[in-house]
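Let's take a walk through this structure together. Have the sequence and the 3D view open, and follow along at your own pace.

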Amino acid sequence: MSAEYRFSFGPWNLHEGADPFGPTVRPTVAFAEKLRMYKQLGFEGVQFHDDDAVPDLETLSAAEVAKKAAAVKKMLDAEGLVAEFVAPRLWEHPNGIDGAYTANDPAVRRWAIDRSKRAIDIANALDTRLIVLWLAREGTYIRESKNALDSHRYLVDALNEMLRHDPRSQIAIESKPNEPMDHAYIPTVGHALAIAHQTVDPDRVGGLIETAHAMLAGLDPSDEMAFALSAGKLWSVHLNDQNGLKFDQDKSFGAANLRGAFNQVRILELAKYAETGRFIGLDVKAMRTQKADVAHKHLANSRQVFLTLVDKVRRFPNDQAARLIADRDYEALELLVLEHLMGN
Ligand code: 3MF
Ligand code: MG
């Protein structure tokens with residue numbers, strides 16, 4: 001019996017369809033309504049930004065934040081859902097305009113760490129140990145605006161303060177090479193794991209790999225996953241897809257590169273990721289053209305593609321492949337893979 005995969009997504013994946021060139025095209029779905037949709041779509045894990053869980057948390061006292069987070073925990077319980085992680089959303093606040101942990105202004109760096117500690121407290125109230133750091137604006141638009149040596153030291157300082165704030169929390173860094181910045185400081189999971197080893201507790205710092213982010217770095221997402229898995233450090237994924245080097249598209253899983261999706265599922269299967277109990281997160285956006293009543297299909301579809309590919313991996317003709325590998329006949333192996341994916 002193989003373990004079952006557990007699926008998650010963030011409430012931001014049910015969205016109004018705004019993009020940098022046009023306004024919203026769908027009404028807002030209330031948070032409680034979104035939670036009701038999770039189970040129907042086949043998901044049990046909820047990924048949170050700190051302010052998805054507690055809106056306007058900066059204007060509230062610690063006691064008020066705790067109270068609101070406890071109320072969200074009750075909502076999750078009522079729907080049979082669990083929180084997977086909490087991520088401090090530092091990039092939308094005016095303080096974080098030029099970076100948060102790596103801002104030049106020490107007062108901003110202090111703010112960023114204090115807010116991250118609050119995110120950890122919210123995670124505890126939601127009964128999850130996992131904190132995700134997408135380091136959105138930790139980078140530069142122009143190199144000369146920051147001292148990158150200092151920036152890396154600031155990142156380690158911030159991680160250390162978070163690790164010390166709660167000795168049980170685990171921090172997964174979601175690497176991404178660019179967007180919104182020209183260059184981000186932790187572009188790949190290799191950078192994330194290297195910085196983990198400069199902290200006071202390397203065992204509690206790992207990675208979250210997003211398909212599109214790996215592709216934007218010109219890397220194969222399945223190899224990025226394998227690197228983290230080989231170190232026991234793949235603590236979540238944001239599966240989606242990306243059609244070449246352009247803006248971060250967050251397309252449905254497998255929609256642009258089915259073979260790439262197959263290889264991501266293959267590596268997760270080879271590593272027995274399901275047995276770790278970690279979630280398969282989908283970070284996918286509905287197309288802007290999608291009408292409101294069907295603006296959730298990208299989530300169920302991505303999950304379905306994942307499960308179909310699990311089946312494809314499990315039914316792959318491994319004996320035939322082993323013979324071709326022994327013969328080093330990779331042209332024949334390639335055809336075997338393609339025919340398997342095409343259904344032959
Ligand atoms: C940005 C992302 C983000 C993060 C999310 C959680 C909108 O490219 O992928 O999703 O995953 O903020 O940290
Ligand atoms: Mg993501």
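What follows starts at the metal site, moves on to the ligand beside the chain, and ends with some individual residues. Keep in mind that this is a predicted model.

Let's begin with the magnesium ion, ligand 2. Four residues of the protein act as its donors: E174 and E210, each through OE, H238 through ND1, and D283 through OD. These donors lie 2.0 to 2.3 Å from the ion. How are the donor atoms around the magnesium ion arranged? There are six of them, and the angles they subtend run from 79 to 175°, so the arrangement is octahedral. A six-donor site earns that word because opposite donors are over 155 degrees apart and all others fall between 65 and 115.

Now look for those donor residues in the sequence, where the spacing reads E-x35-E-x27-H-x44-D. Take H238 and D283, a pair that links distant parts of the chain, 45 residues apart. H238 belongs to strand 9 (residues 234-239), while D283 is in the loop between strand 10 (279-282) and helix 10 (297-314). Are these two residues buried or exposed? H238 has a relative accessible area of 1%, so it is buried. D283 is at 7% relative accessibility and therefore counts as buried too.

Next up is ligand 1. It is surrounded by 13 residues, and the closest are H49, E174, H213, H238 and D283. You'll recognise E174, H238 and D283 from the list of magnesium donors. Three polar contacts are worth finding in the 3D view. A polar side-chain atom of E174 sits 2.8 Å from an oxygen atom of ligand 1. The side chain of D283 has an N or O atom 2.9 Å from an oxygen atom of ligand 1. W12 has a polar side-chain atom 3.5 Å from an oxygen of the ligand. How much of ligand 1 does the protein cover? On its own, ligand 1 has 350 Å² of accessible area, and the protein covers 92% of that.

H49, one of the closest residues to ligand 1, deserves a visit as well. You can find H49 in strand 2 (residues 45-49). Its relative accessibility is 7%, so H49 counts as buried. Setting aside residues up to four places away in sequence, H49 touches W12, V86, A87, R89 and W91. In that list, W12 is also the residue with a polar side-chain atom 3.5 Å from an oxygen atom of ligand 1.

Now on to S175, in the loop between strand 6 (170-174) and strand 7 (183-184). With a relative accessible area of 5%, S175 is buried. A polar atom of the S175 side chain lies 3.3 Å from the backbone nitrogen of V189. Apart from neighbours within four places in sequence, S175 is in contact with I186, P187, T188, V189, L208 and H213.

That loop has something unusual further along. Most residues other than glycine have a negative phi, and most peptide bonds are trans. The peptide bond from E179 to P180, however, is cis, with omega near 10°. E179 also has a positive phi of about 65°, although it is not a glycine. Both E179 and P180 are in the loop between strand 6 and strand 7. At 28% relative accessibility, E179 counts as partly exposed. Another positive phi, about 70°, turns up at D127, again not a glycine. D127 is in the loop between helix 4 (106-125) and strand 4 (130-134), and with a relative accessible area of 52% it is exposed.

Finally, visit two residues that touch each other, S169 and M162. S169 is in the loop between helix 5 (148-165) and strand 6, and M162 is in helix 5. Both are buried: S169 has a relative accessible area of 1%, and M162 has 0%. The side chain of S169 reaches the backbone oxygen of D166 at 3.0 Å. Beyond its sequence neighbours within four places, S169 is in contact with I120, R129, I131, M162, L163 and R204. On the same terms, M162 touches Y101, S116, I120, L133, S169 and I171. I120 therefore appears among the contacts of S169 and of M162.

Technical notes: Residues numbered from 1 in each chain as written. Chains lettered and ligands numbered in written order. Predicted model: local features only at pLDDT ≥ 70, side-chain atom pairs only at ≥ 80, totals over all residues. Heavy atoms only, no water. Donors = N, O, S within 2.8 Å, 3.2 Å for Na, K, Ca; no water. Tetrahedral: all angles 85-135°; square planar, octahedral: opposite > 155°, others 65-115°. Helix = DSSP H or I, 4+ residues; strand = E, 2+ residues; numbered from the N terminus. Buried < 20%, exposed > 50% of the residue type's maximum accessible area, 1.4 Å probe, protein only. Near = heavy atom within 4 Å. Polar contact = N/O pair within 3.5 Å; in protein donor to acceptor, adjacent residues only side chain to side chain. Areas by Shrake-Rupley, 256 points an atom, 1.4 Å probe, with all protein chains shown as cover. Contact = heavy atoms within 4.5 Å.
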